[in-house]
Amino acid sequence: MARAYKLAQNHKLHHVVDVDIKGFFDNVNHGKLLKQMWTLGLRDKKLICIVSQMLKAEIAGIGVPTKGTPQGGILSPLLANIVLNELDWWIASQWEIFPTKHQYKSDVMRKGKPGISHGHRYRAQRETKLKERYIVRYADDFKIFCRNRKDAERIFQATTQWLKERLFLEISPEKSRIVNLRKGYSEFLGIRFKLIAKGKEKDGSPKFVIKSHICDSAIEKIAEKMYVSMSNLAHCADKLELHVVVDSINLYVLGIHQYYQMATHIVTDLNQINRSVLSRLGHKKNLKCLLTEQGEAKLPKYVVQKYSASKCMRYIKGRALIPIGFVQTKPPMFPKSGVCKYTAVGRSLIHDDLKTINISILHYLMNHPNRNRSVEYNDNRLALYCAQNGKCAITGKVLEIGDIHCHHIVPIHAGGTDKYRILKIVCVDIHKLIHAVDERTIRGLLEKVKLNAYQLKRLNYLRKMAGNQEIQAKTA
């Protein structure tokens, strides 16, 4: 979505080709897919045979499929990317990576890595007969952004023909079209967006900015889901069931907020849903009886952080019901240019972000797992070491070999597991402090680590979870 917004608003590509592939996952050609895997460098014949057998696995009531990928299978999205990877490069070869006789500076090297110029080279290409185009794709849903209507029509026809001849895929004429974003909306990943005039550019021409909403179909689904969930509140058998339903509603609303906050007019859309649900629930007198004051209700951390300022907060038997209309729009984050785990250059950029981590220590931890613990524990220990940048979770000091301890926030004897969220990487002295009960030992360790008030607060939380008394500030 960030890429789509940028191309439309910043790059002024106001014509978009919306392409919908007809039954994509049902029509993937098996032979073509296996050849693409081989071309990409997957030369393991056993692996290709396994994938082939998965594709041809018998389906009850249908038989052995001759085309398509398993619906809902964890492998299907990856296979979809392999199939359409060829399309990405074909579109890019028409403009973005089109070879030029003249070698531009930014094409040679950019900070030691190859890069593509978005300046002089593109300006030079615009003076030719080349048709400017950019593809934005997520799985089988993609759009092609163009400079004008004429180019969009030609690209639409060329893409339709290419998909049919090269990938044996057909597009849906009803759902595929060309949209002028200044006049109409285009839908992508549950968001519909267009361009509206707002102010003027430096040269006096109108300035267009993105205006986006939740798609109408998504609004209907959200409203129906909210209505059913709220109706269930009136039919709960006991307080425990009531709390379970409230928590499920909160999680659903939180998910809606986090995903659709990229829409600029999300507040308008969600308030519309809220009004619709409330009007349909007007006859539910039982719901009004359930509403209470906050009282001594203990609010979850995420509710306090995100929703405590809302005047629309409601409480049902000691549980907070977060308001669906209390949300702010948040622009989608644009990924760092070039970062990609599927290319050598992209992987090097990922590794650049790991420079703060001592790779030799990481290799040591990999080669010296804790034999008394599970595979999950050892994997999560490595993940935490990287996530904490090789530092202690309490003191923040860089850890060395022999000083790295992986602490269970909830002790094993109290039901703790080896899951990622239950573990913390700490230094030896902090680990001793968490479990120490002898006053002399605690004083000695505190003098050694010298914690500030904030660090002491975090230490006390871990001590409390471990079943030990908190350390008072005077003692520290």
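**Exercise 1. How many aromatic pairs does the structure hold?**

Start with the source: this is a predicted model. The structure holds 5 aromatic pairs. One of them joins Trp-90 and Trp-162, with ring centres 5.2 Å apart and 15° between the planes. Planes under 30 degrees apart count as stacked, and this pair is stacked.

Next, place the two residues. Trp-90 belongs to helix 5 (residues 76–93). Trp-162 belongs to helix 8 (residues 149–166). They are 72 residues apart, and the pair links distant parts of the chain.

**Exercise 2. Decide whether Trp-90 and Trp-162 are buried or exposed.**

The cut-off for buried is under 20% relative accessible area. Trp-90 is buried. Trp-162 is buried as well. Now widen the view: of the 476 residues in the chain, 41% count as buried.

**Exercise 3. Find the ring beneath the charged end of Arg-192, then the ring whose face Arg-373 lies over.**

Take Arg-192 to begin. Its charged end sits over the ring of Tyr-185, 4.5 Å from the ring centre. Then turn to Arg-373. This residue lies over the face of Tyr-377, at 5.4 Å from the ring centre.

**Exercise 4. Describe the chain as a whole.**

Count the elements: 19 helices and 12 strands. Check the extent: the C-alpha atoms fill a box of roughly 80 × 65 × 65 Å along the principal axes. Look at the surface: about 28,600 Å² is exposed, and carbon and sulfur atoms supply 54% of it. Finish with charge: there are 79 positive and 42 negative side chains. The centres of the two sets lie 4 Å apart.

Key
Residues numbered from 1 in each chain as written. Predicted model: local features only at pLDDT ≥ 70, side-chain atom pairs only at ≥ 80, totals over all residues. Heavy atoms only, no water. Helix = DSSP H or I, 4+ residues; strand = E, 2+ residues; numbered from the N terminus. Buried < 20%, exposed > 50% of the residue type's maximum accessible area, 1.4 Å probe, protein only. Areas by Shrake-Rupley, 256 points an atom, 1.4 Å probe, with all protein chains shown as cover. Lys, Arg positive; Asp, Glu negative; His and termini not counted. Charge placed at Lys NZ, Arg CZ, Asp CG, Glu CD. Phe/Tyr/Trp six-rings, centres within 6.5 Å; stacked < 30°, edge-to-face > 60°. Lys NZ or Arg CZ within 6 Å of the ring centre and 35° of its normal.
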